[in-house]
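The following exercises are to be solved with the sequence and the 3D structure at hand. Each task is followed by a worked solution.

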Amino acid sequence: MFIVALSAVLALMNLYLWKRLVKDTTGPGRTRRILTAVLVALALLLVATLVVPRFVDVPRSGWYAWPGYLWFGLLVYLFLTLLVAEPVRLALRPWIKGQPQESSATAESARPALNRRMFIARTTAVAAGAASVGLVGIGAATALGPPDLLQVPVRLRRLDPALRGFRIAVVSDIHLGPLAGRAHTEQIVNTINAAEPDLVAIVGDLVDGTVEQLGAAAAPLRDLSAPEGTFFVTGNHEYFVDDTAAWLTELERLGVQPLRNENTAIRRGGAAFDLVGVNDIAGAQRDDPPDFDRALAGVNLSRPTVLLAHQPVLVSEAAARGVDLQLSGHTHGGQMWPFHYVVTMVQPSLAGLSTVDDTQLYVTRGAGFWGPPVRIGAPPDVTVLILEP
């Protein structure tokens with residue numbers, strides 16, 4: 001249903017672009033027919049990009065996924081920039097039509113008004129195209145470049161002084177798939193290892209495909225180096241694949257420990273804190289929902305509790321249960337402005353460190369992307385949280 005709804009919206013956006021970029025800028029004839037055919041082909045390419053990977057081998061879909069998703073990003077910003085230009089078009093309407101007394105002019109005297117209309121349409125189209133191409137180009141360079149390495153100190157109640165300076169590398173939303181493969185994973189692993197963390201937390205949305213399709217792309221995760229281990233919780237995309245359990249088994253083989261509504265004590269000498277992981281909300285559709293009672297069973301209330309949960313919205317449940325710190329992803333930091341504002345309507349935090357009641361929430365922007373390989377106003381990141389008493 002999501003793909004159907006998205007396809008309908010994209011069809012309407014393509015229709016609007018045809019009106020503003022083709023019909024308004026050309027007269028009837030060959031040029032209009034060619035441009036219309038190009039726009040239709042791009043629309044069909046985008047539909048294929050969204051639908052076909054569900055039925056074919058994901059790595060082999062890259063040859064059309066790259067142009068398809070880049071057109072997706074360009075389509076979005078062409079649509080937005082043309083919408084922004086609409087008030088300008090309305091303001092110039094009297095100038096386009098000419099003086100009121102010219103309303104009954106002959107066809108010859110009407111021709112300048114037609115030329116003015118075409119001039120405004122073409123100028124708007126060129127300006128929107130230049131702005132959109134520039135934004136998408138910068139956004140693609142940001143999305144495909146190395147993630148920012150952020151270092152954020154976090155003070156925790158009841159943290160034993162022996163754990164001062166403990167470093168947790170948080171990474172999320174890697175989204176291995178048709179556009180992001182083994183090199184993407186290697187880049188992220190190198191970034192994490194360079195930070196020399198004590199523990200790595202992967203908080204969901206690692207893959208957009210099966211183990212058979214993307215196992216080789218995920219293989220560099222075995223090279224993650226952290227003395228206290230690497231841990232993983234599911235994101236919503238882990239439940240979009242046919243066999244979630246196969247990925248959890250593969251991650252264990254790579255030395256990444258899934259936390260499925262469970263906890264483990266992280267120790268340094270006689271000091272410790274409890275690391276807890278809950279399944280993503282989407283797991284409810286597979287009879288595998290988040291279970292806080294089970295996840296928190298047996299934690300020691302005299303020491304801090306750090307929760308891994310893919311979606312920030314779970315922080316209300318975490319706060320009700322006395323969790324000290326929740327680590328999340330999912331939002332991508334908005335990924336493409338102005339969608340930041342939509343994300344903040346459904347999640348309690350877009351990115352960074354915040355507090356809900358007595359629980360601190362840290363949300364990473366993620367190290368990958370979903371859909372268009374474009375990030376605008378939300379660069380990818382890997383975050384190292386430095387624990388302090």
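**Exercise 1. Aromatic pairs**

Determine how many aromatic pairs there are in this predicted model, and classify the pair of Tyr16 and Phe79.

*Solution.*
Step 1. The count comes to 4 aromatic pairs.
Step 2. One of them is formed by Tyr16 and Phe79, whose ring centres are 5.3 Å apart and whose planes make an angle of 75°. Planes over 60 degrees apart count as edge-to-face, and the pair is accordingly edge-to-face.
Step 3. Tyr16 belongs to helix 1 (residues 2-23) and Phe79 to helix 3; with their positions 63 residues apart, the pair links distant parts of the chain.
Step 4. Buried means under 20% relative accessible area. Tyr16, at 16%, is therefore buried, whereas Phe79, at 21%, counts as partly exposed.

**Exercise 2. A pair within one helix**

Classify the pair of Tyr69 and Phe72, and state where the two residues lie.

*Solution.*
Step 1. The ring centres of Tyr69 and Phe72 are 6.5 Å apart and the planes meet at 15°, so this pair is stacked.
Step 2. Both Tyr69 and Phe72 are part of helix 3, at positions 3 residues apart, which is about one turn of the helix. An α-helix has 3.6 residues a turn, so residues three or four places apart point the same way.
Step 3. Tyr69 is buried because its relative accessible area is 10%; Phe72, at 8%, is buried because this value also lies under 20%.

**Exercise 3. The length and bend of helix 3**

Compare the expected span of helix 3 (residues 62-91) with the distance between its end C-alpha atoms, and locate its bend.

*Solution.*
Step 1. Helix 3 has 30 residues, and at 1.5 Å a residue it should span 44 Å. The expected span uses one less than the number of residues.
Step 2. The end C-alpha atoms of helix 3 are 44 Å apart, which agrees with the expectation.
Step 3. A bend of about 30° occurs at Ala85, and the proline Pro87 follows within four residues.

**Exercise 4. The open sheet**

Give the strand order of the open sheet of 6 strands and identify its edge strands.

*Solution.*
Step 1. The order is 1-12-2-3-4-5, and the pairing is mixed.
Step 2. Strand 1 (148-155) and strand 5 (256-258) are the edge strands, since each pairs on one side only.
Step 3. On average, neighbouring strands of this sheet are turned by 25° against each other, direction ignored.
Step 4. Strand 2 (residues 167-171) pairs with strand 12 (residues 381-388) in the antiparallel sense over 4 bridges. Here Ala169 stands opposite Val384 of strand 12.
Step 5. Helix 8 (residues 244-253) packs on the sheet and touches strand 4 (230-232) and strand 5; the direction of helix 8 makes about 140° with that of strand 5.

**Exercise 5. The surroundings of Gly283**

Decide whether Gly283 is buried or exposed, and describe where Gly283 lies.

*Solution.*
Step 1. Gly283 lies in the loop between strand 7 (271-277) and helix 9 (292-295).
Step 2. The relative accessibility of Gly283 is 0%, so this residue counts as buried.
Step 3. Apart from neighbours within four places in sequence, Gly283 is in contact with Tyr239, Asp288 and Pro289.
Step 4. The C-alpha atoms of Gly283 and Asn236 are separated by 7.2 Å, although the two residues are 47 residues apart along the chain.

Conventions: Residues numbered from 1 in each chain as written. Predicted model: local features only at pLDDT ≥ 70, side-chain atom pairs only at ≥ 80, totals over all residues. Heavy atoms only, no water. Buried < 20%, exposed > 50% of the residue type's maximum accessible area, 1.4 Å probe, protein only. Contact = heavy atoms within 4.5 Å. Bend = angle between axes of the 7 residues up to and from the residue. Phe/Tyr/Trp six-rings, centres within 6.5 Å; stacked < 30°, edge-to-face > 60°. Pairing = 2+ DSSP bridges. Axes fitted to C-alpha atoms, helices over the stretch in contact; angles between N-to-C directions.
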